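User: Could you take a close look at one part of this structure for me? I would like to understand its salt bridges and the residues that take part in them.

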Amino acid sequence: MESERIIEHPILGVPQKGVLVTFTLDGKEMQGYEGEPIAAALKAAGILKHRETSKLHKSRGIFCSIGRCTDCVMVVDSVPNTRTCITPLKEGMKVQTQYGCSAEKSW
């Protein structure tokens, strides 16, 4: 779904593409460009849900795209509450949908 790829961010500018790398999302193999934000790679693949709220079980995904909110947080390489909109993608990363977040006191 290359048509979903973010071409230019209003604050971060034009993303610099690295080499194509493989990572996993909830155990499923995916691909993206090294150095691009994890959220950008997920969006390009058509993935919009990054986490689910703990009380109402509502989906959350990209919102601010500059690391200020918690809508895009996911578990990345066993670290919960990782802001995927500003975390660069690396080869072999293990990304998981997160349920709740520490701001909601769900841990």
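Analyst: Happy to help; here is a walk through the salt bridges, with the surrounding chain for context.

Please keep in mind that this is a predicted model. The protein chain has 107 residues, of which 37% count as buried. Its secondary structure comprises 1 helix and 8 strands, and the order from the N terminus is β-β-α-β-β-β-β-β-β. Among contacts between residues at least 6 apart in sequence, 44% join residues at least 24 apart. As for the surface, about 6,400 Å² is exposed, with carbon and sulfur atoms supplying 54% of that area.

Now to the part you asked about. How many salt bridges does a search of the whole structure find? The search gives 3. Let us begin with the pair made by Glu-52 and Lys-49, whose closest N and O atoms are 2.9 Å apart. The two partners differ in their surroundings. Glu-52 has a relative accessibility of 14%, so it counts as buried, the cut-off being under 20%. Lys-49, at 31% relative accessibility, counts as partly exposed because its value falls between 20% and 50%.

The other bridges bring us to Asp-71. One of them joins Asp-71 to Arg-51, with 3.7 Å between the closest N and O atoms. This pair links distant parts of the chain: Arg-51 belongs to strand S3 (residues 51-52), while Asp-71 sits in the loop between strand S4 (59-60) and S5, 20 residues apart. Both of these residues are buried. For Asp-71, the relative accessibility is 17%, which is why it counts as buried under the 20% cut-off.

Asp-71 also forms a salt bridge with Arg-60, where the closest N and O atoms are 3.8 Å apart. Here, too, distant parts of the chain are linked, since Arg-60 lies in strand S4 and Asp-71 in the loop between S4 and S5, 11 residues apart. Arg-60 is partly exposed, with a relative accessible area of 29%. Put together, Arg-51, Arg-60 and Asp-71 are linked in a network of salt bridges.

If you follow the chain on from the loop that holds Asp-71, you come to S5 and its partner strand. S5 and S6 pair in the antiparallel sense over 3 bridges, and one of the residues involved is Val-73, whose bridge partner in S6 is Arg-83. The two strands form a hairpin with 2 residues between them. What stands out about the backbone of Asp-77 in that turn? Its phi is positive, at about 50°, and Asp-77 is a residue other than glycine. Asp-77 lies in the loop between strand S5 (73-76) and strand S6 (79-83), and it is partly exposed, with a relative accessible area of 41%.

Another aspartate is worth a look beside it. Asp-26 lies in the loop between strand S1 (20-25) and strand S2 (28-33). Its phi is near 50°, again a positive value in a residue other than glycine. Asp-26 is partly exposed, with a relative accessible area of 46%.

To come back to your request, the residues to display together are Arg-51, Arg-60 and Asp-71 for the network, and Glu-52 with Lys-49 for the remaining pair.

Methods
Residues are numbered from 1 along each chain as its sequence is written. This is a predicted model: local features need pLDDT of at least 70, side-chain atom pairs count only at pLDDT 80 or more; totals for chains, interfaces and linings use all residues. Side-chain values use heavy atoms; hydrogens and water are left out. Helices (H or I, at least four residues) and strands (E, at least two) are DSSP runs, numbered from the N terminus. Buried means under 20% relative accessible area, exposed over 50%, partly exposed in between (1.4 Å probe, protein chains only). Two strands pair if DSSP finds at least two bridges between them. A salt bridge is a side-chain nitrogen of Lys or Arg within 4 Å of a carboxyl oxygen of Asp or Glu. Contact means heavy atoms within 4.5 Å. Accessible areas come from the Shrake-Rupley method with a 1.4 Å probe; for residues, only the protein chains shown count as cover.
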